[in-house]
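Thanks, everyone, for making the time. I would like to walk through one model this morning, beginning with a pair of helices and then moving outwards to the chain as a whole and to some backbone details.

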Amino acid sequence: MGETNGGHDEGRLWTVDEHLTDILRQLTPLEPIDVPLLDAQGCVLAEDVTVPVALPPFDNSSMDGYAVRVADLAGVRDGSPRVLDVIGDIAAGDATLPTVHPGQAARIMTGAPLPPGADAVVPVEWTDAGRGGGPATTMRAHSADPSGATGQVRVHRSATAGAHVRPRGSDVAAGELALGSGTLVGPPQISLLAAIGRARVRVRPRPRVVVISTGSELVPPGEPLTPGSIHDSNSFALTAAARDAGALAYRADTVTDDAEALRDAIEDHLGRADVLVTSGGVSVGAYDVVKEALSGGPFGGAGAFGAAGAFGAVDSFGAAGSSGAVGSSGTAGSSGAAGSGDGGGADGGAGSGDGKGGSGDRDRGGSGDSGGAAGAGGASSSGGGAAASGSGGSGVDFRRLAMQPGKPQGFGLLGPARVPLLALPGNPVSSYVSFELFVRPVVRTLMGMTPVHRPVVRARCVEAVTRSPLGRRQFLRARHHGDGTVTPVGGAGSHLVKALAHANALIVVPEETTDVAAGTDVDVVLLT
């Protein structure tokens, strides 16, 4: 196939896999940046992290109780306690430790180092806590009763060596791999990194995604509708979907059906985004402003974004076919099916930006429902562009895809930084399904995450699908159940938002299939 030029490609019908392959082959993950630990949340590690010291770094008590010598408790049983001399307290953080000699015990707190001479800990509930009588339930606070650190304690049960002791290195040994490159950093990973002393880590940043809805009929939620107007739902849904995919997503002001206004909006956001997503205006109508604005002009019509490669490298979401990077199970065989080459990428800059979406700390997680572009926030790149393979040129190609919903699509790389722009259809279901199929893989590719797709499973369709267009892959909203079955939700109409809200999956009907009998096993894309 020849080189792709910005504009229309009305002469052919692209498959879902061809379109996705052509997008992903032109992208590479964003350049890694070094960030403070909390700012790494939601990012992907770009380094292997090894443990500098054992964890825990010393033998310590797992209980509040008494550090003892096991030999001193031989033969101890209820009704025949052993009396030991208490030589002092050991609290968590103490560095100077008493030595426990025969016939002695040290009162010890959870997390405190095991003192020399002791080889076990008996919980306070096995003792009288130094108060005489039967087993105690708790210790008195040291501030209220300092005498508990001295005197004698009666131990009512024997212990084995190492009882209630956390050995040095029992969690992770020095030199061991703590977390591998490619790990998504969440709260548990931050806990481990902090525990081994890492204050900063190297990560791939979360892409900044700017969402722009188009349409003169759109009114923001909360404002009254006028005749012929509807509330804008797409920009909110797509912004939420981008955040769910891991991006720092920003909702820009809606743009009316005016090509110049859209071009101005894109120019305004272009330098502060790693991905641009538009909704609406990509079909064949007289007011399809996205196609009008991006088919030529300052973003370039020629030069484009590179020749289209060989297809079949992606076999996604239940499609039959090639041995590509993504199989029918929806898992990636490579790190994002990325192409090679230099890209704009991140320069590791810090989080305040000049965008109207505001500035913020890198760990803020992607706020912004602003009338302007995204400011650099979160652990994101600051170079004003995604990492895209190749160099030079820009352009947007508008295509017809053999799918339902979502037949009209657009994709291109804009500006010197070659920022990916994905132009999605305007019908709400078409827009959301297109995001899941195409934009989500882009976000996860830029993050360096695998797999890039939602998981795909096989399930038994309990209701018949009576009509599916021949030659087009259909994605039907559905409820996937835990018993391995799936039920279609609502009809096939691309405007049925309620049905989408009650769906947790998409049934995939292949291009060659026109109906599905009840009880047939089908591929199902899991959305949650």
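**Two helices, then the rest of the chain**

Let me start with helix H3, residues 234-245, and helix H6, residues 428-447, which pack at an angle of about 30° with their axes 9 Å apart. With the cut-off for roughly parallel set at angles under 35 degrees, H3 and H6 are therefore roughly parallel to each other, and the crossing in which H3 passes H6 is right-handed. On the H3 side the contact is made by Asn234, Leu238, Ala241, Ala242, Asp244 and Ala245, and these meet Pro428, Ser431, Tyr432, Phe435, Arg440, Val443, Arg444 and Met447 in H6. Sorted by character, the residues of this contact between H3 and H6 comprise nine nonpolar, two polar and three charged.

I should say at once that this is a predicted model, and how confident the predictor was varies along the chain. The average pLDDT is 82, and 78% of the residues score at least 70. Over residues 300-378, however, the pLDDT is below 50, although this stretch has 256 contacts in the model beyond near neighbours in sequence. Residues 380-386 likewise have a pLDDT below 50, with 50 contacts counted in the same way.

Taken as a whole, the chain has 528 residues, of which 52% are buried, and its secondary structure comes to seven helices and 27 strands. Among contacts with a separation of 6 or more, 74% are between residues 24 or more positions apart.

How many of the residues of helix H1, residues 16-24, are buried? Nine of the nine are, so H1 is largely enclosed by the rest of the structure. The buried set in H1 includes charged residues, among them Asp17, Glu18 and Asp22, alongside others such as Val16, Leu20 and Ile23.

Now to the backbone, where the general expectation is that most residues other than glycine have a negative phi, and that most peptide bonds are trans. Two peptide bonds deserve a look on that account. Gln404 and Pro405 are joined by a cis peptide bond, with omega about -5°, and Pro405 sits in the loop between strand E20 (403-404) and strand E21 (408-414). The bond from Thr450 to Pro451 is also cis, with omega near -5°, and Pro451 is found in the loop that runs between H6 and strand E23 (456-461).

As for phi, Ala129 has a positive value of about 55° although it is not a glycine; this residue lies in the loop between strand E9 (120-123) and strand E10 (152-155), and at 7% relative accessibility it counts as buried. His164, in the loop between E10 and strand E11 (165-166), has a positive phi near 55°, but His164 is partly exposed, with a relative accessible area of 25%.

His164 leads me to my last residue, Ser61, which is placed in strand E5, residues 60-61, and is buried, with a relative accessible area of 0%. Which residues is Ser61 in contact with, leaving aside its neighbours within four places in sequence? They are Ile108, Met109, Thr110, Gly111, Ala112, Val121, His164 and Arg166. Of these, Arg166 is 105 residues from Ser61 in sequence, yet their C-alpha atoms are 6.1 Å apart in space.

Key. Residues numbered from 1 in each chain as written. Predicted model: local features only at pLDDT ≥ 70, side-chain atom pairs only at ≥ 80, totals over all residues. Heavy atoms only, no water. Buried < 20%, exposed > 50% of the residue type's maximum accessible area, 1.4 Å probe, protein only. Helix = DSSP H or I, 4+ residues; strand = E, 2+ residues; numbered from the N terminus. Axes fitted to C-alpha atoms, helices over the stretch in contact; angles between N-to-C directions. Parallel < 35°, antiparallel > 145°, perpendicular 65-115°, else oblique. Left-handed = near helix turned anticlockwise from the far one by under 90°. Contact = heavy atoms within 4.5 Å. pLDDT = per-residue confidence, 0-100.
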